[in-house]
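Student: I'm new to this one and would like a close look at a single part, the salt bridges. Could you walk me through them?

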Amino acid sequence: MMGSHLCLPKSQSEECGRRREKTMAELGTDCFSALPESLVIIEILSRTSPRDVCRFSAISRGFKSVADSDNVWDRFLPSDHRKIISRSVYPVAFSTKKQLYFLLADGFVLLDGGKLSFSLDKASGKKCFMLGARELAIECGRFPVNWTWRHLPQSRFWEQANLRAAPCFDISGKIEARLLSPKTTYVVYLLFDLGPLKYGYKGLPAKASVRFEGERGDGSGDGDGDEITNIVSLAIRRFSSGSGGQFAQQRMDKWMETELGEFFNGQGNTGEVEIRLMGFEGDYRTYDLFVEGIELRPKIDS
């Protein structure tokens, strides 16, 4: 009859209700476990961030299996990561792409005979490089070059350049723009140490320059001549007040760093980024300067 309802015995109706509640509870606590590891979910996760994916993996067991998959973490790794790590001095051992990501984000690998260091910015997955001292050109103008090579225990490289009682210096290095992450602003740092003389000295000024030589990938033409210069200091500022300029900072790994400048690496740039630091004549005679290298890191938005 139209409009009539099917009636179940009370015991059978209660059993159906309990099954329905159990099913809803399971879906509520683990709803993604019923979904396949589809390209849709992977695409959604890959448009977030590594930090977000780690948070999402705690939602459910099913979601964790997708969030930890190689298909997701391969999107966070640079597209050329296989080519880069093939240049590693030592074999890079990993079982998953997530493990590789955090290996590079929490540490580094040495490339090209130990002269170049490669790592990832943990938050963004963008590439970081450090040119070791052996990869830099180090000169001292018209004065005899007074450099020796040492090894300090806190170093990631096998050798550091050590300048003693020299009146000036000229340090330069370069890196191909194609190696860096595209559409990224990079900040350039000198990593160094002054031994026990790092605190309480005036100035220690130097002229820093960052210059792009090559073709812009955005169609804006020749990038030659795009140069940024700054006056920086290799001394740590003792007080909050003082003259302008970029002072050095103490790092957790026992090195000091001072910012040399920044630049934007566009999509498809071909050419080189040239970095140079010149110590003014007469300012460094009493210092014991150790140079670890020049590091390029993605700029962190404040």
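Student: Before that, what share of the contacts in the protein chain with a separation of 6 or more comes from residues 24 or more positions apart?

Tutor: That share is 69%, where a contact means heavy atoms within 4.5 Å. Keep in mind that this is a predicted model, where local features need pLDDT of at least 70 and side-chain atom pairs count only at pLDDT 80 or more, while totals for chains, interfaces and linings use all residues. Residues are numbered from 1 along each chain as its sequence is written, and side-chain values use heavy atoms, with hydrogens and water left out.

Now to the salt bridges: the whole structure has 20 of them, each being a side-chain nitrogen of Lys or Arg within 4 Å of a carboxyl oxygen of Asp or Glu. Take Arg297, which pairs with Glu257 at 3.1 Å between the closest N and O atoms. Arg297 sits in strand S14 (residues 288-298) and Glu257 in strand S12 (residues 256-265), so this pair ties together parts 40 residues apart in sequence. Strands here are DSSP runs (E, at least two residues), numbered from the N terminus. Arg297 also meets the side chain of Glu295 in a salt bridge, 2.8 Å from N to O. Glu295 is buried, at 6% relative accessible area, and Glu257 is buried too, at 12%; buried means under 20% relative accessible area (1.4 Å probe, protein chains only). Through shared partners, salt bridges join Arg251, Asp253, Glu257, Glu295 and Arg297 into one network.

Key:
Helices (H or I, at least four residues) and strands (E, at least two) are DSSP runs, numbered from the N terminus. Buried means under 20% relative accessible area, exposed over 50%, partly exposed in between (1.4 Å probe, protein chains only).
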